[in-house]
Amino acid sequence: MTTVETEVLIVGAGPAGASSAVFLGKHGVSNILLSRRRSTAETPRAHITNQRTMEALRDAGLERDCIAVASPSSCIEHTFWLRSMIGEEVARTYAWGNDPLRRGDYEAASPCSMCDLPQTQMEPLLVAEAARLCSQVRFNAELLSFKQDNNGVVALVQDRMTGQSFEIRAKYMIGADGARSPVVEQLGIPFKSRLVVLGASFDPIANSYNIIRIELLAQRHSFATSVGSDMRTVDLA
Ligand SMILES: Cc1cc2nc3c(=O)[nH]c(=O)nc-3n(C[C@H](O)[C@H](O)[C@H](O)COP(=O)(O)OP(=O)(O)OC[C@H]3O[C@@H](n4cnc5c(N)ncnc54)[C@H](O)[C@@H]3O)c2cc1C
């Protein structure tokens, strides 16, 4: 079987993996960036990008490129509660550092501003910069398994286009493979709590909103509902 070598193998080319490749590349550390998907994110997903992340993107030399494709913080001034996407507005609150009473705190906290940068826009910028810094980027490449020895880690990877497998030997491996991480699973690291559902429903009888949070916590399902300030937890197990 073919074996390729690198200093760092990064499993996952989402925001965590692609930014790891950029920062390693800036330090001259050779790396391979793998994603089992065929491309960068096809749906917006994470989009509110906070000041600390913008500072990291500034360090990466990408702040201007990000701002050029992002919507500024002033476009995400409020969070609304509506009866439908075009329906009556029930409530609104200032959001994302736009409350005039808090704006000074945010401005003092960082030289960077928050913005709305969808993952569909952020990931291509990070991956392109990683490639420019000599990261070897492989899409359609799935980590199947890995083993550690005294010299580092050997990963078994499958090219999903051809079905052929190959090995990557690296000194280090970064598991940036998302919430359902196969790396975490193979290492046997338990998740203490996994958020399954977070949402809101309108109760027309009580004329109030229920905040719904369903968690898988140590194999037990719990359901928390709040009506006004009254938070109740119901065990579903
Ligand atoms: C529908 C949806 C809506 C969301 N909305 C928001 C939002 O509004 N705001 C917000 O902050 N966050 C949101 N998120 C969450 C946000 O997308 C994640 O927090 C973020 O993507 C995590 O980044 P990551 O780099 O850790 O992992 P991911 O972006 O999940 O990337 C994982 C990477 O690992 C790769 N991978 C996985 N397994 C393997 C394997 N075996 N071999 C090789 N590669 C592998 C994948 O191909 C991918 O490249 C949303 C997520 C979803 C799914």
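Start at the ligand. Select the 23 residues around it, and then pick out Gly12, Gly14, Arg45, Ala46 and Gly178, which come nearest. Keep in mind throughout that this is a predicted model.

**The shell around the ligand**

Colour the shell by residue type: it divides into 10 nonpolar, 8 polar and 5 charged residues. Next, colour by secondary structure. Helix H1 and strand E9 (141-149) each supply at least two residues of this shell. Which element gives the most? It is H1, with 3 residues.

**The whole chain**

Zoom out to the full protein chain. Its secondary structure comes to 6 helices and 15 strands. Of the 237 residues in the chain, 23% are buried. Now consider the contacts between residues at least 6 apart in sequence: 53% of them join residues at least 24 apart.

**Strand E1 and its partners**

Select strand E1, residues 3-11. With which strands does E1 pair in the parallel sense? One is strand E11 (residues 165-175), joined to E1 over 8 bridges. To find this pairing in the viewer, select Val11 and look opposite, where Gly175 of E11 stands.

The other is strand E2 (residues 31-34), which pairs with E1 over 4 bridges. Here, select Val8; its bridge partner in E2 is Asn31.

Now add helix H1 (residues 15-26) to the selection. E1, H1 and E2 together make a β-α-β unit, and the unit is right-handed. H1 is also the helix met at the ligand, where it gives 3 residues to the shell.

**The E9-E10 hairpin**

Go back to strand E9, another contributor to the ligand shell. Select E9 together with strand E10 (residues 152-159): the two pair in the antiparallel sense over 8 bridges. A hairpin through 2 residues joins E9 to E10. To check one position in the pairing, select Ser145, whose bridge partner in E10 is Leu156.

Strands of a sheet pair through backbone hydrogen bonds, and the pairing is either parallel or antiparallel. With E1 and E11 in view, the parallel sense can be seen; with E9 and E10, the antiparallel sense.

**An open sheet of three strands**

Next, look for an open sheet of 3 strands in the order E3-E7-E4, with antiparallel pairing. Which strands lie at its edges? They are strand E3 (48-49) and strand E4 (71-72), each of which pairs on one side only. Select E4 with strand E7 (residues 115-116); 2 bridges join these antiparallel strands. Pro72 is a useful starting point, as Cys115 in E7 stands opposite this residue.

**Helix H5**

Select helix H5, residues 119-132, and place a distance between its end C-alpha atoms. At 1.5 Å a residue, the 14 residues of H5 should span 20 Å, and the end C-alpha atoms are 20 Å apart, so the two values agree.

Which residues of H5 are buried? They are Gln121, Met122, Glu123, Leu125, Leu126, Val127, Glu129 and Ala130. An α-helix has 3.6 residues a turn, so residues three or four places apart point the same way. To see what covers the buried residues of H5, show the surroundings, which include H1, E2, H3 and strand E8 (136-138).

**Two residues with positive phi**

Move to Cys134, just after H5, in the loop between H5 and E8. Phi of Cys134 is positive, about 80 degrees, although this residue is not a glycine. Is Cys134 buried or partly exposed? Cys134 counts as partly exposed because 13 C-beta neighbours lie inside 10 Å.

Then select Trp96, in the loop between strand E6 (89-94) and helix H4 (103-109). Trp96 also has a positive phi, near 55 degrees, and is a residue other than glycine. Trp96 has 20 C-beta neighbours inside 10 Å, so this residue counts as buried.

**Last stop: Gly61**

Finish at Gly61, in the loop between helix H2 (51-59) and helix H3 (63-69). Gly61 is partly exposed because 13 other C-beta atoms lie within 10 Å. Then add Lys26 to the selection. Gly61 and Lys26 are 35 residues apart in sequence, and their C-alpha atoms are 9.9 Å apart in space.

Technical notes:
Residues numbered from 1 in each chain as written. Predicted model: local features only at pLDDT ≥ 70, side-chain atom pairs only at ≥ 80, totals over all residues. Pairing = 2+ DSSP bridges. Right-handed = clockwise from strand over helix to strand, strands pointing away. Near = placed C-beta within 6 Å. Nonpolar A, V, L, I, M, F, W, Y, C, P; charged D, E, K, R; others polar. Buried ≥ 20, exposed ≤ 12 C-beta atoms within 10 Å, placed from the backbone. Contact = placed C-beta atoms within 7 Å. Expected span 1.5 Å × (residues − 1).
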